[in-house]
Structure formats: C-alpha cells, structure tokens
Amino acid sequence: MLEISNLTHTYGSGPSAHTALGGIDLRVAEGELVCIVGPSGSGKSTLLRSIAGLLRPTGGRITLDGTPVAQIPDDLAVVFQDYSRSLFPWMSVADNVSLPLRRKGQSRKQRTRSAAEALEQVGLASAGSKYPWELSGGMQQRVSIARALAYRPSLLLMDEPFGSVDAQTREDLEDLTLLVRGLHNMTILLITHDIDESVYVGDRVVVLSKAPARVVGDLRVDLPGPRDQINTREHSDFVRLRGEVGRLVRGVRPSQPSAL
Amino acid sequence: MLEISNLTHTYGSGPSAHTALGGIDLRVAEGELVCIVGPSGSGKSTLLRSIAGLLRPTGGRITLDGTPVAQIPDDLAVVFQDYSRSLFPWMSVADNVSLPLRRKGQSRKQRTRSAAEALEQVGLASAGSKYPWELSGGMQQRVSIARALAYRPSLLLMDEPFGSVDAQTREDLEDLTLLVRGLHNMTILLITHDIDESVYVGDRVVVLSKAPARVVGDLRVDLPGPRDQINTREHSDFVRLRGEVGRLVRGVRPSQPSAL
Amino acid sequence: SEKTTSNSANGLEKTDITIGMLPLPEVAPVQIAISRGFFKAEGLNVNYKLIEGGAAALPTLLSGGFDVLHSNYVSAFTAASQNLADLKVIAEATVATPGSFVLLTAPNSHVTKVEDLKGKKIGVNTKKNVATLSTSVTLKVHGLDVTRDKIDFIEVPFPNMWQALKSGQVDAAFLPEPFVSAAAADGGVKLADTMAGPTDSFPIAGYFVTSEFASKSPKTLAAFQRALLKAQTIAANDRKAVAEAIPQYTKINAQTAQIMQLPGFPITTNAVRLQRVSDLMLEYGYLTKPFDVNSLLLGGQK
Amino acid sequence: MSGRALLRNRVVCGALGVATLLLLAEAAGRAGLFGQDTLPLTSTIVARTVELAGDEEFLTDVAATMTAWSLGLLLTVAVTVPLGLLLGSLPKVEATVRPLIEFLRPIPSVALIPLAILLFPDRLDLKIAVIFYASCWPILINTMYGLRDVDPVAKETLRSFGFGPLAVLWRVSLPSTAPFIATGVRLAGGIALILAVSAELLAGGSDGIGAYVIEASSSPDGLEFIIAATVWAGILGVVTNSLFIGAERRLFRWHTARAGVAA
Amino acid sequence: MKSPAHAAPRSTPSSPGFLTRLWPILLVLVLWEVVTRVAANGFFPPPSTIVVRMREMWLTGPAAHLWLSDAALDNFPPSLARLFTGWILAGIVGVVFGLLLGRSVVLARFVDPLVHFGRAIPPPMLLPLLIPLMSIGTPMQLTTIVFGVVWPVLLNTVEGARYVDRQHVETARVFGFTRGQRLWRVILPSATPKIFAGLRLSLSLALILMVVSELVGSTNGIGFQLRESERAFDPPGLWGSLVVLGLLGYVLNLAFFTVERRVLSWHRAAKQTT
Ligand SMILES: Nc1ncnc2c1ncn2[C@@H]1O[C@H](COP(=O)(O)OP(=O)(O)OP(=O)(O)O)[C@@H](O)[C@H]1O
Ligand SMILES: Nc1ncnc2c1ncn2[C@@H]1O[C@H](COP(=O)(O)OP(=O)(O)OP(=O)(O)O)[C@@H](O)[C@H]1O
Ligand SMILES: [Mg+2]
Ligand SMILES: [Mg+2]
C-alpha cells in the first residue's frame, strides 16, 4: 500500500524557484494499476521520482506499506521517460535486461532465460545480442520495458512507457503489462498522455493539474472482465470514462470535489 | 521537390548485418506535408536521417530539387526523436532556440525575438532562461520543436515530435505546425505513431512495412478546408482514412499495389 | 650580461659579467671580490648565479648565459677533449688540502679500512668527475680496482649522503667540507683522505670562459683576473675573510664556516699541475686519448 | 557550526585531513619509525616552512617560479587546446602525426634540459619551453579523448541546421568537451609546477624555488630547508588547484547538474 | 566488460595503411639530419651519428643474445621491469582511489588538499624523504615512478567516476544494484574512456619517471646510461638513449592503443556519427 500525503516539491530556491508539486494526496492499494495523466510539465515525473526515492521532496510524506520512503524502496522497477539514456551502452541488450536479475538471486542460466523471455514478450527476440545504440527509439523503449517486467518488482513505476512505439505494438505492450501484473501481483503507477490508454489499462485514472500539480480528478475504472483491445474500447463505460478524463485534462471542468 | 528512388540501407556487414530500408520510393512535392507511419524499428528514422544527409545510405538515390543529396541540404531543420540529447545542456533554452538563427544572418535582437516568439507558441514563454535539464521531458520536446519552427526551414523533418506531450498540447502543436507550414510554405516530413494524427495533419500518409522497410501504402488525405480539431476529426472521410491507415499499419491488408 | 659598453672608462669590451658557480666554499673569493668592491674598482659589474653541477652548467656558458663558469676540471677537460667546448682556464679556483675530501663511513660500519670496500657501494655526488677519479686513485693505492672488484659508484646529493650512509644504502661516501665536519660531528668515521699520495694538492676546479669570449674581450678578462687574484690572495691568507664570505652565498652558517676545513686557494695557474689531472683521467679511462692542457691556457696553443 | 555543516565545508575538511597526516607523521617520526632519526621531525619542517613565508629572498624565488609557471601554462593552453581540437576532429591528420607525438611524448623533459639550455640561454625562456614540452600532453590527450565523448545527437543537431564543421566544433564539441579539457589543464598545472622547479634545479643559474634548493644543498643542515621548499611547492599546487576547481565549478554547472554526482 | 566481437578495429597496426603513415617520421628524420649537419654543433649530432653510436653501444653482442651487447642486456631489462611494475601499480592505485574519491564526496573533501599537495611535488625533490624511508634501488625507484605517474590516472578516474550520466546512476539505484555492481557494472565502464586517457598519459610519464628514478642512486637502467653519457660528455650516446626512450614509448603506446580499441569499442561505436 502506497500512501502519499500533501506531497510538495520545489526545485531551486530564491526568485527562480519552481514549485512542481503543490500538495499531492494519493493512495494506491497493493496490486492496483493507477494511471496518471496531466499536462506536460505539471510534475508527473517529479512525483514518480519522489516515490522511487530518487528525489527528496521538499514537503509531505510518502509511505510504502506503512514505512516512510527515505531510501529507494526494495523491489522496485522504473521505466524512465528518458529511456535511451537509462540503458547502458557498454552492455548488450540481453545483459541490460538480465543484470538487475542478479539481485533476485537467479542463476546465470535463469537470468539468460528470463531476459530472453522478456525480450520476446516485447517483440525483440532477435535483438538480445545487439547493443542499445544499434536499436531504434521504439526498440530501446521496449528494452527498458522488458528490463522492468523481467524484474517482476512488487512496485513498478512507468513514465510514458509506450510513447515511442507504433499503435499495434502499443496495444500489445498494454496487454502485456496487464498480463504480467495479473500473474505477479504488481502495484503499478503508469504515467501516460494517451487518455484512451489510461482508461484501458488503469484500475484508476488520476488527473493532475498544471504546475504546481494537484490531484484534480481520481476516477475508478469499472470495466468488465478481462480487457480486450476491441471490445473494451467499444464498451459504453469506456467511452464515457474517456470523455470524462478528457474533459478533466482539458480543464473543462476545473478542480473537482474528488480532488481532496 | 524531394525524390527518393529505390533507397536501401544496411547497417553493419557480415552475418550481423541488418537491412533497415529495403527499397523506398517516394516523391514529396514542395509545400507538402507527408506523414510517415510504420512499425517500431522499421526504418523510419533511418529514412529521415538519409534525407537529412546525416547518413549515407548504402543504395538508391535521393534528390532535392533535382540535385542529389550528398551533403546536408541547405535550409533544413530536424526535430530528432531523441530530443533530450539534441538540446545543448550548456545553453539556456532561449539560446538553444536562437542559435541556429545565426545562420539566417539575423541580428541578435531579431534572434532573441524570434526565439521568444517560438517558445511562446509552444507554450514555454517563461522557460527561456532555464536550462534544458531543468525542464520536463515534454517541455524539452517542445523546445526542440520551437527551435525547428523558429528556423523556418524550407524542408522540415520531424521524428515523432509530439510523443511526449499531453493530448491537449499535442493538438495545439499539430495546429501550430499546420499554421507555420501555411505561412512559410515549408515541405514537411513527419514521422508519427498516432494514426489519427497522421491523417489530421498530413496531406498524404505513407505507410512503411516492417524492416526491411518498403512503402506499403500511400494515401492522399483530401479533407476539406482549414483543419480543425473537432470538426475535421468528426468528418466521415477522416474516419474512413484513419481506418484505412490503421489496417495498413496492422498489416491487415499486406503490401498494396500503390507500393511501387 | 647582454649590455656591452665597449667605450667605457677603462676601454672594457664588456662590463656586466655573470658567473655561474657552485655554492661551495672554494668560490669564496668571488664573494670577497664583490663585497670588497674589487670588481667595481676594475669597472666590472659582476653577478653570480648558483648552479647545481659544472657539467650541467657548461651548456649555459656555451650559449652565453654565463660569461664565466666555475667548474671542476674533470668535467671541463672531458668536454674540451671531445671538441664539444672550446674553453680557456682563466684562473684556478681550488686545490685540495688534506682532509677536505674524505671517504667516510657510518659509525658501526663493517667497512673499517679501504680494502673492505671490495664489492661495496660508494656514494658520490656526480659520476665521472673529481669525486670518482680521486676515489679510484685512492682505491688503487690500496690495491683495489673499481671494475675488477665490482665497486659501484652511486650518485647521491651531498645533503642526503649522511642519511644514505647511516641507513646503509651506501657503504662509504665521498664527501667534501663542510659535509665532512658535520658527519664527523655526528659520528662519521673517516676511512681515507682522497687527496693524498698521487692526488696530493690535487687541482679541483677552475674558472672557465669560452675562447670566443677570451679573444673578444681580453681587457675585460684581464680586469676580471686582476680583481679575482686580489680576492684569491686574501682568501689564501685570511681565514676570517673566507668564513665571513661563505654564509653570504650559501646556507652554511657562520659557525660552521669558522671551524670547517678550508680548501686551498691557489694564486697562480699552473699548467704542470693541471696536466696531472689530465694524465690521471687518461690513466683511469676518463679520456680516450692524451689531452694537452696547454690548449686551455690563455695565449696557449689552440 | 554543527558537525554536519562542518562536514560540508571543504576548507575545514581539507584542513582536518592535512592536520591528521601531519600528526601521524610527527608521531611516526618521534617513534623513530623513519629509520635512524635521519629525517627531520614534522614539527621542525612545519616551523621551517612557516619561517620561509617570511623570508624575503624565498618569496622572490616563489614569485619567479610562479611567473614561469603561469606564462608557461598560458602558452601551453593557448597552443594545445586548439591543436587538440584540430587533431581530435580530423582523424586523418591525427593518424598521420600520431607516430610523431607518441615518439616525442616519452622523451623525458628532465633529460632535455641540458640540451634546451643551448637553445634557450635565457632562464625564463628555458623554463617556459620545458613547461610547454611536458605539460602539453595531458591537455592534448584529454582534449582528444574528450572529443570522442561528445554526444553524436548533439553534433547532428547542429549539422542538420546547416552549420559547418567549424561551427559544430566551436558550439558543440568544445563546450561539451570543456570539462574534460579542464581536467587536462589541471593536470598540466601540476606538471608545469614540477617542471618549473626541476628546470631551476637542474639548469641552475636562475631564480626560483629550485634555485633556493641549490643554495640550501650547500650545507649539511640544508635538508630541512630543502624539505620546507618542497612543502611550499606542494602548497602552491594546492592553491593553484583550488583556483582551477573554483573556475570549473562556475563554468560547468551544467556538467554537474546533468551528472549523478556521487550516490 | 565484454567487447562486441563485430566491432573490430578498422585498421590494425599491421595493415598497409600503417606503413604509409610513417612518412612523417621519415620526413622529420631527413630534416633533422640536414639541420644538424648544417648547424654542426657537437651537442646536436646528426641522426646518422646517433645510430652508429647506438649500434656500438647496444648491438655488438653475440648472435645468441640477438646481437644485444652486455650494456643492452644490463640496462634494458631492469628498466622495463621497473617501468611496467611502476605503471601497473600506479594504475591500480589510481583507479581504486580514483573511484573512491570520485564516489565519496565526504572522503574527497578530506583528502583533496593532500592529493593536490602530492601532485605538485616534483618527484626529483622526493629524494630527501625517500632515502631514509627505503633502500636505494628498486623500492625507491618504484616509489618514485608510482608517485610520479599516479596523478593522471587518479584525476581522470575521479572525473570519470564523479560525472556518470545521472540517468545511468538512477537506473542502477532503482533496480537495487549492490554497491559492487554499481561500481563494477555502471561507474567503472562509464568512466573507462577517461581512465584510459589517464592510463595513456601515465604510460609515457612512467617512461619519463623511470629515467628520473634511475638518475640518482642506481647502478643500471636506461636512465643510468643516459646519465653516464651526459657525465662523459658523449652527446651521441645521450641522444641514443633519448631515441631508445622515444621508440620504446612509441611501441608501448601502440600496444596500449590496440588494447584500448578492443576494450572501448562500444564507446567508439556508440559515439560515432556517420
Ligand atoms: N547504428 C545502428 N547500427 C545498427 N543497426 C541500427 C542502427 N540504427 C538503427 N539500426 C537498426 O535499423 C532498424 C531501423 O531503425 P530506425 O531507427 O530507422 O527505426 P524506426 O522506424 O525509427 O523505429 P522507431 O519507431 O522505433 O523509432 C532497427 O531494426 C535498428 O535495429
Ligand atoms: N532539475 C530540475 N530543476 C529545475 N526545475 C525542474 C527540474 N526538473 C523538473 N523541473 C520543473 O518541474 C516541473 C515538473 O517537471 P516534471 O518533469 O515532473 O513534469 P512532467 O509532468 O513529467 O512533464 P512531462 O509530461 O512533460 O514529462 C517542470 O516545470 C520543470 O520545469
Ligand atoms: Mg515527465
Ligand atoms: Mg525512430
């Protein structure tokens, strides 16, 4: 269980200070998949980095299963927005994926297998022996997704993970994420700009306002059964929710009572 | 007029060689805006880099207004897919935008004004004095768009330029691109993964196949009048075209006669 | 030293003279001549620069950085015999006096007589100069041969020599004054006086100029020699004058200067004496062919 | 000041580090760890070092050394950085002259001093020449290696806007290499100081710290002075280095900000 | 660190391009010969004289010894041994301490002045401190070499370890890399280009320091011979030693370069613009 209360963060100080987070409150239950949407530059990545313990927020509290996040939480994986810089250019793609698995105490053989499996799942079965800089942007992004999924973390943070891939692959990756989440009971926070995606993938969609970011909407997505790219997206609830999120993002309905 | 005939490119050699472009033929008229869609890793960026003269393709011909592209064409601007690495960390955002304008022989004052204007157009009016690494991913992407637009090139190449911004901003940027194109008669090639976007923005949509990439579809978009986010997207032709592109991308209808 | 006033009062070709010298007691006359205005009186403006070794400073003399160089004969003869430098001796600086250059050992050394040095290491400040030459001679007197008996010369700067001796890194050391007195005060044992027998009253060092300078500025040279000779005479006879001069150009303190063994200050330039050096150098392989020191004397054959 | 604040102050920390070392050395000296009481005690050397600070003759020497140092380093930077940029960006030229560079680099400047004297009778010229010869290599090598580290996307960006190779060099390669060049200059600064002193020492007949050492070596108790002068060479090194560090910090804020400095 | 097999070096030292690249050396040699003959200064003998002297000094031995003379056999091997031992020691010390100082801000604050103090001390001036501390000969020579050449490696390693791409460090932290993994898998590889620059600098420096260390208190070695030629006013001999040093440096650098190309091939390829 992830609990965030009154989280604020200000970059810099003095006249050039910039308040990115203006008091965020959020609770994410174990095994939940929460999508975060919000305007560019609002503070989504800042929020994510605070949860990951990479940034010490200037105010507020984050607790994970009751203990405050001061360090980087155990058993965490992150797909960074700047995926190309988060891959190690001196290692092959397979090594990039399998390296974190050492921590899971897997044998070399197991690691190789897990990495190959994860690469196959993201459609890069044949790229394992290449180097990251030999891949296209979308392929690099998928490597970093494969790395995170192969790790099977209990908390997974994804920052616009599907932004550089084509529509078809994107859908496949969405389904893959749902599948892996179902199998291994991960808690996932996923930042996205695609409103359809947020509704399709999320159990909840949290909408952030412009900077300083606040939660302006928190919608539960109650779509039936296992999701499916064709049927779910045609479901009337999907269309309604997507409209609702859209309006929230566009600021048509400014700050909702649900915000706090 | 940009003419590409039988363009092929193979990375590396020997057993690890990878053929990214398998014979591309394409003609782009002056002032045209062509969207390129295709699966991740197909060779879109490779194509773009060849046109930009940044990569010497292993086969085929590219001519611009009749002369073969051997060097980097004059009066060109590129928005790179890897936008964060294409901004210079040692310069302020405004300097990043105004630097290329030196080549246009603009005075310092003019450059400052052009840069400020362009930054305002992409919604970053107040970020001019910041450094690129102080901006969010989407903001960085917008800086690199502003840099390209302020330059007013006659040929503009954009590699997934709107991938990291929210839906609202994305629409604004699409309209901005159309506006600037209309005012300054640029030829634009735009790579995107968003099928709706390709139809909304493009005069033509070119669909590439999986690697080795070939043109599998080339659709003219005949939508009426000045485009408009709400009406255009509801137009029946829009819905039809988007379906068509979608099917092409998904490979539902494999290689079309229009391909060659 | 660049300024040349050819038409000055005494008809001197050059009035500014720079002399390169080692900070040793033996150059005290230069300091005396400066302090007492002997050079001034001759119309000369003399400056000295301290050098680290005669061999290394020779190029400076050749390139004109110095007008006069104080150098040991061994180095200078070696260079001259190879036609690397066309030099003239303008004055002798010093001849050895008993006890001024000594082979020394540490207090409880296993080496108690020269014969024990077989296969041992001897510290010298510079190889191929008067230190190694006179030591070789001393060794030979005691029946040892450097090559045959595998005796190694090791270069160690004088101030470090005592440390090297005490820590056993060299078994004996060639030391001049005032280092001998200081070491003796700390328990150093004198093994042999290197300036005895064949090297008795051995000429150690002299003042050199280039032939070019000698032929171009004969009057300046004569003036310089007159002033130096005057000081040299004082030094030879007045121990106190020397003791006063030394602390002015070295870090040797006044107290040490007063008690240390002083070198000899010759007042003539003696070709026979100098030829002895050349002959010994030939004998010990420092020269490959005989070298006639007359070619170095002013007015001597070229 | 709290302990934490103290830990954040570089001067305090540095002073603590130095003090610790001095105390250790003194203790070791008194305990006779340095063999047959041949080395002066640390406290004696500290006293001598302080004494030298008030010695006018010595201060003149320091000034002479520092003049040669700054002129030599200035010349080196002015010549070598452009040269390194040139070689680093023209691989063909670099390949051509590399054998020559690699041949010259390992020739010890110390051994060259006697020969250099013949070419540079003036002592300041001599010092500048040997400083240049020895300290150009770190700048050259670091510049060339730094150029290889430039992000290709950044270079392509400027090229695509139609900028020529020179503009790319000036506006992208140079700024992005600058921090690494600065490290090279810092290294060169240390080497230049060493060479200035060595030249004074070996060539003699000069002013400077090295000349002071020659004078001190005339006396049996000169050792203390020699070590004290050496300490001053080290202190000068620390001072010049912190000047460089300060300048770097001001100039390359972007570099620090972008990097994950210390975990 | 694995090196990608397919990123083979473009041109190896044995390729024909290598020979043609030697022409600048020939050019310099010819120029040198002409200038020295014209100048006719005994201290600057022409290369032809130097070569003759070098042969005389070092290549007059029996065929069984590869024609190397006793002087060569007495002086070259000990020098090379000192050189390599010193360089490798300095490399290890420099990298280890560089990583430590690069990654620990607090430690760096304490030791920084000492490091820069040490760096500014001329190695020849170390002698008075070293003589009482260790015995003249190999230990002292090694100390001099290590002390003289460790700085480029140390400083460059500090630089490389301190400025690792933030995104790389954060990735490693997020995935819970252990300290060792972070160091070995992330910081070290990302610092290698700079470490190599330092190692390359220090290799030539080691050659220089080898000579310096042999000037005082030694009984063999190239530096010892150089000093002897200097003392004996034998300029061709002196130049001969300098030439040997240059050649040695050239060969060492070539070998180093080959190794570096292999280890850093990822770097070269990743930073290539076409
Ligand atoms: N430097 C390189 N070396 C080797 N192979 C490369 C290199 N760059 C790209 N490739 C390969 O070429 C193919 C096409 O890459 P490209 O970047 O053109 O794809 P793309 O269509 O832009 O994909 P995306 O939409 O994911 O950005 C990929 O399979 C990739 O692995
Ligand atoms: N290192 C930094 N220094 C100063 N300001 C920063 C820094 N990083 C981010 N900011 C500012 O904080 C705000 C929020 O940034 P953040 O990266 O969290 O946005 P975001 O919601 O992730 O946006 P995007 O969708 O564009 O990635 C931005 O206005 C940005 O300018
Ligand atoms: Mg972000
Ligand atoms: Mg691409």
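Biologist: Let's start with ligand 1: how far is one of its oxygen atoms from a polar backbone atom of Ser42(B)?

Modeller: Bear in mind that this is a predicted model. A polar contact needs a pair of N or O atoms within 3.5 Å. The pair formed by a ligand 1 oxygen and a polar backbone atom of Ser42(B) has a distance of 3.3 Å.

Biologist: And on chain A, which residue has a polar backbone atom 2.7 Å from an oxygen of ligand 1?

Modeller: Chain A offers backbone partners too, and Gly137(A) has a polar backbone atom 3.5 Å from a ligand 1 oxygen. The 2.7 Å distance you ask about belongs to the backbone of Gly138(A).

Biologist: What share of the area of ligand 1 does the protein bury?

Modeller: Backbone atoms reach ligand 1 from chain B, where Ser42(B) sits 3.3 Å from one of the ligand's oxygens. Taken by itself, ligand 1 would expose 630 Å², and the part of that buried by the protein is 88%.

Biologist: Between which chains does ligand 1 lie?

Modeller: Look at who comes nearest among the 20 residues around ligand 1: Ser136(A) and Gly138(A), plus Lys44(B), Ser45(B) and Thr46(B). Helix H5 (137-151) of chain A gives at least two residues to the shell, and so do strand E2 (18-28) and helix H1 (44-51) of chain B. Ligand 1 therefore sits between chains A and B.

Biologist: How many residues in the shell around ligand 1 are polar?

Modeller: Take the other classes out of the way: five residues of the shell are nonpolar and three are charged. The polar count is 12.

Biologist: On to ligand 2: why is its site shared between chains?

Modeller: There are 21 residues around ligand 2, and the closest are Lys44(A), Ser45(A), Thr46(A), Ser136(B) and Gly138(B). The site is shared because the residues around ligand 2 come from chains A and B.

Biologist: Which residue has a side-chain N or O atom 2.8 Å from an oxygen of ligand 2?

Modeller: The side chain of His18(A) has an N or O atom 3.0 Å from a ligand 2 oxygen. Glu134(B) puts an N or O atom 2.8 Å from one, but that atom is in the backbone. The side chain you want, at 2.8 Å, is that of Gln81(A).

Biologist: Which element of chain B gives two or more residues to the shell around ligand 2?

Modeller: From chain B, a backbone N or O atom of Glu134(B) is 2.8 Å from an oxygen of ligand 2. Alone, ligand 2 exposes 630 Å², of which the protein buries 88%. Chain A supplies strand E2 (18-28) and helix H1 (44-51) to the list of elements, and chain B supplies helix H5 (137-151).

Biologist: Away from the ligands, what is the volume of the second largest cavity?

Modeller: The model has 10 cavities of 30 Å³ or more. The second largest has a volume of about 360 Å³.

Biologist: How many residues lining that second largest cavity are nonpolar?

Modeller: The lining has 28 residues, with Ile191(D), Ile194(D), Leu195(D), Leu205(E) and Leu209(E) nearest the centre. Among the elements giving two or more residues to this lining are helix H9 (165-203) of chain D and helix H9 (179-215) of chain E. Five lining residues are polar and two are charged, while the nonpolar ones number 21.

Biologist: How many strands does chain D have?

Modeller: Reading from the N terminus, the elements of chain D run α-α-α-α-α-α-α-α-α-α-α-α. Chain D has 12 helices, and its strand count is zero.

Biologist: Last one: what is the radius of gyration of chain A?

Modeller: Chain A has nine helices and 10 strands. The globule rule gives 18 Å for 260 residues and chain A comes close to that, so the chain is as compact as a globular protein of that length, with a radius of gyration of 18 Å.

Notes:
Residues are numbered from 1 along each chain as its sequence is written. Chains are lettered from A and ligands numbered from 1 in the order in which they are written. This is a predicted model: local features need pLDDT of at least 70, side-chain atom pairs count only at pLDDT 80 or more; totals for chains, interfaces and linings use all residues. Side-chain values use heavy atoms; hydrogens and water are left out. A residue is near a molecule or strand if one of its heavy atoms lies within 4 Å of it. A polar contact is a pair of N or O atoms within 3.5 Å; within protein, one must be able to donate a hydrogen and the other to accept it, and residues adjacent in sequence count only if both atoms are side-chain atoms. Accessible areas come from the Shrake-Rupley method with a 1.4 Å probe; for residues, only the protein chains shown count as cover. Helices (H or I, at least four residues) and strands (E, at least two) are DSSP runs, numbered from the N terminus. Ala, Val, Leu, Ile, Met, Phe, Trp, Tyr, Cys and Pro count as nonpolar, Asp, Glu, Lys and Arg as charged, and the others, Gly among them, as polar. On a 1 Å grid over the protein atoms alone, a cavity is a set of points where a 1.4 Å probe fits but cannot get out, and a pocket is an open set with protein on both sides within 12 Å along at least five of seven lines; lining residues have an atom within 4 Å of a point. Grid points are joined across faces, edges and corners, and a volume is the space filled by probe spheres set on the points. The radius of gyration is taken over C-alpha atoms; the globule rule is 2.2 Å times the number of residues to the power 0.38.
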